[in-house]
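Dear colleague,

I am handing over the structure below, followed by notes on what was found in it. Please read them alongside the coordinates and tell me where you would like more detail.

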Amino acid sequence: MQENDTTSRGPMLAAAAGSAALVQPSGGRAKWAPVWLDMDQQALDDAYDQQVYAPNRDQVGKRRIANSEQARAVIGAPQRVAYGPTEIEKADIYRTRVPNAPVNVFIHGGAWRANRAADYAFLAEPFVNAGAHYVILDFINVDEAGGSLFPMVEQVRRAVGWVYRNAKSFGGDPERIYLSSHSSGSHLCGCVLTHDWRKDGLPIDIVKGAVLGSGMYDLKPVRLSKRSKYVNFTDEMEQALSAQRHLDKLHAPVVVAYGTYETPEFQRQSRDFVAAVKAAGKPAELLVGEGYNHFEMLETLANPYGLLGRAAFAQMGLKAGS
């Protein structure tokens, strides 16, 4: 779920920008001095509030849950496994019948605050039918973590490490692990991709590729937005959990995507991340979903002929329905 408060924050902006001077009104409302790029506080808040740009959020969410129930009816209930010590640290494994199969690990979004693995079963069906295992992670949310993103990142990293160590136990190939993600899950995915796996006694390249949809890769503007109401950002958190600042630790090719109906900041974050990865001399591809908003983009991952699905299948060497 996303916050829906779009109230103008002129006084807050004045403190952040160091000036209370108004700029000429634009678009029917007074526009305050910019707090990030050319955005005043309300514009920046709106740029990190998906429902402002995607008013059909709830409709798409209901569709996602209904389609997940239908998918489980077809491919069966997942194998539920624990990857860590707490109750939430579990994953749903949708297994293919192909032996020694590649594995795709999905990291869901929800503004770091909402959703669960069971809500995303609909993504698994095409991968399972094409001969890959699909693993969907559950993890703590930021509210339960007292406003810190560190526990979420630590849990997701631990889950991916668990998949690498235990892939053979469910018929997976540990040398063919890939990631897919959406929204705040793509922020977490970026933190997984830029993790130094040697600290966990693992090879640096346990992930062989990732498809990141509609994500955030630098936390500075997010920290300036109204998301700071529920995330207790610190300098340490901003630096440590901004994947774009740690590309020296990136060892997997990435495909990054956004829709043309996404917020301007989510579009910019994707473009800037890909540009930074390429500037670092590492493989990256940018995909643009024409006519898709933030929530609709995820549905293309469930279609092997959709924007994200086609990219993930190509990355993993899968063929639809094989």
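Asn 104 has Tyr 134 of strand 6 as its bridge partner, and strand 5 is joined to strand 6 (residues 133-137) by four bridges, the two strands running parallel; strands are counted as paired if DSSP finds at least two bridges between them. Between these two strands the chain passes through helix 5 (residues 124-129), and this β-α-β crossover is right-handed, a term that applies if, with the strands pointing away from the viewer, the path from the first strand over the helix to the second runs clockwise. Strand 5 also pairs with strand 7 (residues 172-182), again in the parallel sense, over six bridges, with Ser 180 of strand 7 as the bridge partner of Phe 106. Strand 5 itself (residues 101-107) is mostly covered, seven of its seven residues being buried (under 20% relative accessible area, with a 1.4 Å probe and protein chains only).

Please note that this is a predicted model, in which local features need pLDDT of at least 70 and side-chain atom pairs count only at pLDDT 80 or more, while totals for chains, interfaces and linings use all residues. Residues are numbered from 1 along each chain as its sequence is written, and side-chain values use heavy atoms, with hydrogens and water left out.

The largest nonpolar core (buried Ala, Val, Leu, Ile, Met, Phe, Trp, Tyr and Cys residues joined through side-chain atoms within 4.5 Å) has 66 residues, of which Val 105, Trp 112, Val 135, Leu 137, Leu 149, Leu 179 and Leu 193 touch the most other members. Helix 6 (residues 150-166) gives the most to this core, with eight residues. Leaving aside neighbours within four places in sequence, Leu 179 is in contact (heavy atoms within 4.5 Å) with residues including Asn 104, Val 105, Val 160 and Leu 193. A second, separate core of 28 residues includes Tyr 120, Ala 257, Leu 298 and Met 316.

As for the whole protein, there are twelve helices and ten strands, which are DSSP runs numbered from the N terminus (H or I, at least four residues, for helices; E, at least two, for strands). Buried residues make up 57% of the 322 residues, and the radius of gyration, taken over C-alpha atoms, is 19 Å, which agrees with the value near 20 Å for a compact globule with 322 residues (the rule being 2.2 Å times the number of residues to the power 0.38).

With best regards

Key:
Buried means under 20% relative accessible area, exposed over 50%, partly exposed in between (1.4 Å probe, protein chains only).
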